[in-house]
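Student: Before I accept the labels on this model, I would like to see the criteria behind them.

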Amino acid sequence: MNAFHTLETDRTIIRRFVPQDEAHFVAFLGDKRVTSTLAFDEETTTERGAKHLMQLTLMMYDSENPLLAFAIDEKSSQQFIGACGYNSLNEEEAELFYALNYDRWGQGLATEIVAELSRYAFEHLPFTTLQAFITPDNEGSKKVAEKSGFENMGLIKNPNFSELVYLYQKTR
């Protein structure tokens, strides 16, 4: 499966990470407001962990099983504002994930991004089902999923989270 190079929404560019993103990515993963609702272990949110994840992502883009994680830039400023992508769960299902810098929350950017990632996955990737795992207190992410056509399937146990999470799902 090939990882795309770039996708665009009205206000963002979704692209492969490049080595120059490292400092922004480290700061992004170091912001507890952003990572408190994500399935990262504590080590990944450290400088060393974030750098390791970035190196692994870059190395794997052109492999047979790439890590499908991407940077998000704001079009108007060309500034790094977040990360998104897919985590393959099996041949037909993938987790869709998205997170923005705290100062970009509530602007509708995530809804644009999720709509474009969904469109791309259903048109160009083998996935027939996309899932989003959302912590109960993450009201903004629930709204993004619902606006993007994901159905709330209820609370489930996901081994990547310490608490029950909502499973939102969208099928082709």
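The exchange below takes some assignments and sets them against their definitions.

Tutor: This is a predicted model, in which local features need pLDDT of at least 70, side-chain atom pairs count only at pLDDT 80 or more, and totals for chains, interfaces and linings use all residues. Residues are numbered from 1 along each chain as its sequence is written, and side-chain values use heavy atoms, with hydrogens and water left out.

Student: What makes β4 and β5 paired strands?

Tutor: Strands are DSSP runs of E with at least two residues, and helices are runs of H or I with at least four, numbered from the N terminus. Two strands pair if DSSP finds at least two bridges between them. Strand β4 (residues 80-88) and β5 have seven, in the antiparallel sense, so the criterion is met. Gly82 has Leu100 in β5 as its bridge partner.

Student: How do you know that β5 also pairs with β6?

Tutor: Three bridges join β5 to strand β6 (residues 129-134), and the two run parallel. Glu95 stands opposite Gln131 in β6.

Student: Why are the buried residues of α5 said to line one face?

Tutor: Buried means under 20% relative accessible area, exposed over 50%, partly exposed in between (1.4 Å probe, protein chains only). In helix α5 (residues 139-147), Ser141, Lys142, Val144 and Ala145 are buried. Down the axis of α5, the buried residues fall within an arc of 160 degrees, so they line one face; the arc is taken from the directions from the helix axis to the C-beta atoms.

Student: Which residues are exposed on the other side of α5?

Tutor: Lys143 and Lys147 are exposed there.
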